[in-house]
Amino acid sequence: MIILSGQSNRPLAQEIAQSAGAEWGEVEIGKFKNGEKQLRILAEVTNQDVVIVQSLYQPVDEHIMEMLLLIDAADRAGAEEITLVIPWLGYSLQDKVFLPGQPLSARVVANLVSSQRVARVFLLDLHNPSIPGFFSVPTRILSSNKLFAAHVRQNFVDPIVVSPDFGGLKRARTFAEMLDAPLSYVDKTRDLITGEVTVNSIVGSNPEGRSCIVVDDIISTGSTVMEVAEQLHRLGAKEVVFYATHGLFVQDALDKLEDGPIDHIVVTNSVPLTRETSFVSQVSVADLISHELRHLHQSKK
Ligand code: R5P
């Protein structure tokens, strides 16, 4: 098994290679003078099981193109089988046609991937559990729940688990059950045009005096974190800590959050942090992914 990566998250890809005991394949990536991407796989991949790791965060379209070019290059170089690992699936937030005239972007990306010679796709904590249905190649969905639960157990006593919205309730319930903790959820709405988040009420266990562990799939602009943390603190929470698999922190999200009502944030390394900051901790998903890859590789022997 050999691991290749685009430029989106090489540290994670290298960690996965190390943890899986797999070969690391060098890839040269640059641009032609006209702005188009060019790349070349320098490693020998003929008759090898190739794993391509690419996280689809900003610049999203470039990272998608890099991924497609890498798949094609590996295929043309005679790879035996190609497994794609997409830790963060770009465009997955547009998983519905929210307003007339919009595309179903998540399916467009799934179609792009499915039209390649890819044997399977590994994905991590999807925004919507129906997204695998958009792919016509096999998918395997990994979850950071166990990693996060272990982190909570090490750091908090008697917490309550909070879902930041109705959509995340199923995941939060599973998480609360793992921790044997009470559950609450936030009734929030988002303006589909401006993106502004409004918290209407908090339903379930009383957060007063408790460590509130909010679990979510993604932090993007940070608006959800700000609104939810403010409400929980207003209701007397002892501390509010956000666990989100994908820490995108777009635009000035980190600056905004640093000055905001949140006590701490824990994310995975599905996308690299835009900058280091003491109030965000990262939990690595490399072992989680490499475990699955090793299992796959061994079961083929
Ligand atoms: C919403 O459905 C998601 O689970 C996240 O809560 C949301 O995407 C976070 O976005 P932002 O950080 O921009 O509020």
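In the predicted model, E62 is partly exposed, with a relative accessibility of 28%. Two lysines form salt bridges with this residue. K31 pairs with E62 at a closest N to O separation of 3.0 Å. K31 lies in strand 3 (residues 27-31) and E62 in helix 2 (residues 60-76), so this salt bridge ties together parts of the chain that are 31 residues apart in sequence. K31 is itself partly exposed, at 44% relative accessible area. The second partner, K37, has its closest N and O atoms 3.2 Å from each other in the pair with E62. Here strand 4 (residues 37-41), which contains K37, is linked to helix 2, and the two residues are 25 positions apart. K37 has a relative accessible area of 14% and is therefore buried, the limit for that class being under 20%. K31, K37, E62 and E66 are linked in a network of salt bridges.

The structure holds 14 salt bridges. Another of them joins the side chains of E292 and R140, with an N to O distance of 2.9 Å. E292 belongs to helix 8 (residues 286-300) and R140 to strand 8 (residues 139-142), so the pair connects parts that are 152 residues apart in sequence. E292 is buried, with a relative accessible area of 13%, whereas R140 is partly exposed at 39%.

Strand 8 is also part of an open sheet of 6 strands, arranged in the order 2-1-5-6-7-8 with parallel pairing. Strand 2 (23-24) and strand 8 are the edge strands, and each pairs on one side only. Strand 1 (residues 2-5) runs parallel to strand 2 and is joined to it by 2 bridges. I3 has W24 of strand 2 as its bridge partner. Helix 2, the helix that carries E62, packs on this sheet and touches strand 1, strand 5 (49-53) and strand 6 (81-86). The direction of helix 2 makes about 165° with that of strand 6.

Two loops that follow strands of this sheet show local backbone features. The loop between strand 5 and helix 2 contains P59, and the peptide bond from Q58 to P59 is cis, with omega near -5°. In the loop between strand 6 and helix 3 (105-114) lies Y91. Y91 has a positive phi of about 70° although it is not a glycine, and Y91 is partly exposed, with 36% relative accessible area.

A further open sheet has 7 strands in the order 11-10-9-12-13-14-15, and its pairing is mixed. Strand 11 (197-204) and strand 15 (280-283) stand at the edges with a single partner strand each, so one side of each has no neighbour in the sheet. Neighbouring strands of this sheet are turned by 25° against each other on average, direction ignored. Strand 10 (residues 183-190) and strand 11 run antiparallel and are joined by 7 bridges. Across this pair of strands, V186 has I202 of strand 11 as its bridge partner.

Two helices were found to pack on the 7-stranded sheet. Helix 4 (residues 145-155) touches strand 12 (211-219), strand 13 (239-247), strand 14 (264-268) and strand 15, and its direction makes about 155° with that of strand 13. Helix 5 (residues 169-179) touches strand 9 (160-163), strand 10, strand 12 and strand 13. The direction of helix 5 makes about 170° with that of strand 9. The loop between strand 13 and helix 7 (253-258) holds F249. F249 has a positive phi of about 45° although it is not a glycine, and F249 is buried, at 2% relative accessible area.

The ligand is surrounded by 13 residues, of which D216, D217, S220, T221 and T224 are the closest. Oxygen atoms of the ligand make polar contacts with side chains and backbone. For D165, an N or O atom of the side chain is 3.3 Å from a ligand oxygen. For K188, a polar side-chain atom lies 3.4 Å from an oxygen atom of the ligand. G222 contributes a polar backbone atom, 2.8 Å from a ligand oxygen.

Terms used:
Residues numbered from 1 in each chain as written. Predicted model: local features only at pLDDT ≥ 70, side-chain atom pairs only at ≥ 80, totals over all residues. Heavy atoms only, no water. Pairing = 2+ DSSP bridges. Helix = DSSP H or I, 4+ residues; strand = E, 2+ residues; numbered from the N terminus. Axes fitted to C-alpha atoms, helices over the stretch in contact; angles between N-to-C directions. Contact = heavy atoms within 4.5 Å. Salt bridge = Lys/Arg side-chain N within 4 Å of Asp/Glu carboxyl O. Buried < 20%, exposed > 50% of the residue type's maximum accessible area, 1.4 Å probe, protein only. Near = heavy atom within 4 Å. Polar contact = N/O pair within 3.5 Å; in protein donor to acceptor, adjacent residues only side chain to side chain.
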